[in-house]
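This report describes a protein chain from its overall dimensions down to selected strands and loops. The sequence and the structure are shown first.

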Amino acid sequence: MAITDVAQTSPYLLGNYSPIADERSVDLTPVAGEIPADLRGVFVRNGSNPRFEPVGRYHWFDGDGMIHAVHFDADGAHYTNRWVRTTGFEAESETGTSMWTGILEPPDLSKYPQVFKDTANTDLVWFNGELLALWWLGGDAYRVSLPGLETLGREDFGGTLETHIAAHPKVDPTTGELLYIDFDPIPPFLTFGVVSPEGQVVRSESVALGGPRLQHDLAFTDDYAIVFDFPFMWETGAGRTQLAFHRDRPSRFGLLPRGGSATDTRWFETDPCFMYHVANAWQEDGTVRLIGCEIADPLADDHNNPPGLPDAPRVAMLRLEPYLTEWIFHLDSGAITKRRINDEVAEFPKIDVRRTGQRSRYTYLQRFAPMTTLAFDAVIRHDLDTAATTTHVWPDGWFGGETSFCPKLGSTAEAEGYLICFVVNETTGESEVHVLDAERLEDDPVCRLSVPGRVPTGYHTWWVSADELAHQQPS
Ligand SMILES: [Fe+2]
């Protein structure tokens, strides 16, 4: 893709944010260390990679979804990258040009119901023997094969799915269910749903909200799903959509009974904020505990921002200064307590997903580099028991992305595994896969693999174990 004037308006089309034009499948060889014998499975990462030159102002979240995968098997490591063949991607490939404007331009209602292009560019989750690619605004769940990354079509769970699914659905490792949300600028503003372990939607309910909100995640415990009503309004008017942050309204956290109705959701209120990503949640001693990354001042150029705010990266209007935070909901008293538990500016929290919904000790955070755009210069392991942190700084001039925790073959202990990440030299575009021992993060990587070509900065990752891969549904 040739980038012309659009590049003048978005830093997210420059440097390692700029898209690549090719799809590759290559074997990787270590440039340092050796591939661990107990690392078997596929590391996948989604991201925005526009195929054609954007029309109008470009937002980093607009680009077509491209997945990068590294398959570790008995023969070594193998890299593949492919676009997700969404309906919009296929339509634009027919015409050879961009047919949608992005979220910074007025919504083109003539394209309803797909006002903005569903790119499936945001998230990945393994559920019921399938890898699903998902979109942050709520779209179709696209099935993608492993390890070849072929798009297999839209997953509607045997016709039982009647809404879209937003990014960050959660798999409950205890029950095998998939919990998800969908959200819209028109009623119902928020829907909560559950897919059974067999792949049928068994619950889909509206959650009463006072209006449209930006949503990005959910959490759950044994007895509750946790949904959010942050005062981050997604307002439509004058032919455009815009975000507004209302400091005079609380953040509301809804404990939605998993065994009951959404009408019985119990709301807890506290300071106004926004949170993109949850690390985990669980029940403990009469409380519900939620760990996630709080942003107290989520809008850039907000004249209500308190004076003296530190510099923070931004993505267009979004201001990113997150801190790992714990909210404790006291079920008896209805009280809520909140505390910041890590002082590093960091996001994209990850855990050992086998602990999702149960108490987890370790959270892996990606630390922000001191830049005006979003880049990660280190990964941090936060120990909830001791508050100790261990940091692995990426090499000077190189930036990482979201890591995934990959359990060692045969291990069930929370800490015993590897962290995997794409790491890229911002100046040269050299790209590598780094494998870190999660119990010895301060050490050099266990293994570094050179990736021919460049891996642009992206979003979310997932780890599919060799055992899960062996049980992949046939395409
Ligand atoms: Fe996300």
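Accessible areas here come from the Shrake-Rupley method with a 1.4 Å probe. On that basis, the protein chain exposes about 18300 Å², and carbon and sulfur atoms supply 48% of this area. The model is a predicted one.

## Overall form

The chain has 475 residues, for which a compact globule would have a radius of gyration near 23 Å; the value found, 21 Å, agrees with that expectation. Along its principal axes, the C-alpha trace spans about 55 × 55 × 50 Å. Buried residues, meaning those under 20% relative accessible area, account for 59% of the 475 residues.

The secondary structure consists of two helices and 35 strands. Among contacts between residues at least 6 apart in sequence, 59% join residues at least 24 apart. As to charge, the chain carries 37 positive and 70 negative charges, and the mean positions of the two sets are 2 Å apart.

## A four-stranded open sheet

Four strands form an open sheet in the order β14-β15-β18-β19, with antiparallel pairing. Strands β14 and β19 (266-270) stand at the edges with a single partner strand each, so one side of each is left without a neighbour in the sheet.

The pairings within this sheet can be followed strand by strand. Strand β14 (residues 219-220) pairs with β15 over two bridges, and a hairpin of three residues joins β14 to β15. Strand β15 in turn pairs with β18 (residues 251-257) over six bridges, while β18 and β19 are paired over five bridges. Individual bridge partners and facing residues also locate the register. Ala-219 has Ile-226 of β15 as its bridge partner. Asp-229 stands opposite Arg-252 in β18. Gly-254 is matched with Trp-267 in β19.

How enclosed is strand β15 by the rest of the structure? Six of the six residues of β15 (residues 224-229) are buried, so the strand is largely enclosed. Tyr-224, Ile-226 and Phe-228 point one way from β15, whereas Ala-225, Val-227 and Asp-229 point the other way; all are buried. Asp-229, the residue opposite Arg-252, is thus among the buried residues of β15.

## The β8-β9 hairpin

Strand β8 (residues 142-144) and strand β9 (residues 151-154) run antiparallel and are joined by three bridges. Val-144 has Thr-151 in β9 as its bridge partner. The hairpin has six residues between the strands.

Two backbone features occur in this loop. Pro-147 is found between β8 and β9, and the peptide bond joining Leu-146 to Pro-147 is cis, with omega about 0°. Leu-149 lies in the loop between β8 and β9 as well; its phi is near 65°, a positive value in a residue other than glycine. Leu-149 is buried, with a relative accessible area of 1%.

## Backbone features in other loops

A cis peptide bond also runs from Tyr-112 to Pro-113, with omega near 10°. Pro-113 lies in the loop between α1 (87-95) and β6 (123-127).

Ala-387 has a positive phi of about 65° although it is not a glycine, and its place is the loop between β28 (376-383) and β29 (389-393). In contrast to a buried residue, Ala-387 counts as exposed, at 52% relative accessibility, since exposed means over 50%.

The relative accessibilities of three loop residues are set out below.

| Residue | Relative accessibility | State |
|---|---|---|
| Leu-149 | 1% | buried |
| Leu-320 | 9% | buried |
| Ala-387 | 52% | exposed |

## Surroundings of Leu-320

Leu-320 is placed in the loop between β23 (318-319) and β24 (323-330), and at 9% relative accessibility it counts as buried. Which residues does Leu-320 contact, leaving aside its neighbours within four places in sequence? The contacts are with Tyr-276, Ile-295, Ala-312, Pro-313, Val-315, Phe-368 and Leu-374. One of these, Tyr-276, is 44 residues apart from Leu-320 along the chain, and the C-alpha atoms of the two are separated by 9.8 Å.

Conventions. Residues numbered from 1 in each chain as written. Predicted model: local features only at pLDDT ≥ 70, side-chain atom pairs only at ≥ 80, totals over all residues. Heavy atoms only, no water. Buried < 20%, exposed > 50% of the residue type's maximum accessible area, 1.4 Å probe, protein only. Pairing = 2+ DSSP bridges. Rg over C-alpha atoms; globule rule 2.2 N^0.38 Å. Contact = heavy atoms within 4.5 Å. Lys, Arg positive; Asp, Glu negative; His and termini not counted. Charge placed at Lys NZ, Arg CZ, Asp CG, Glu CD.
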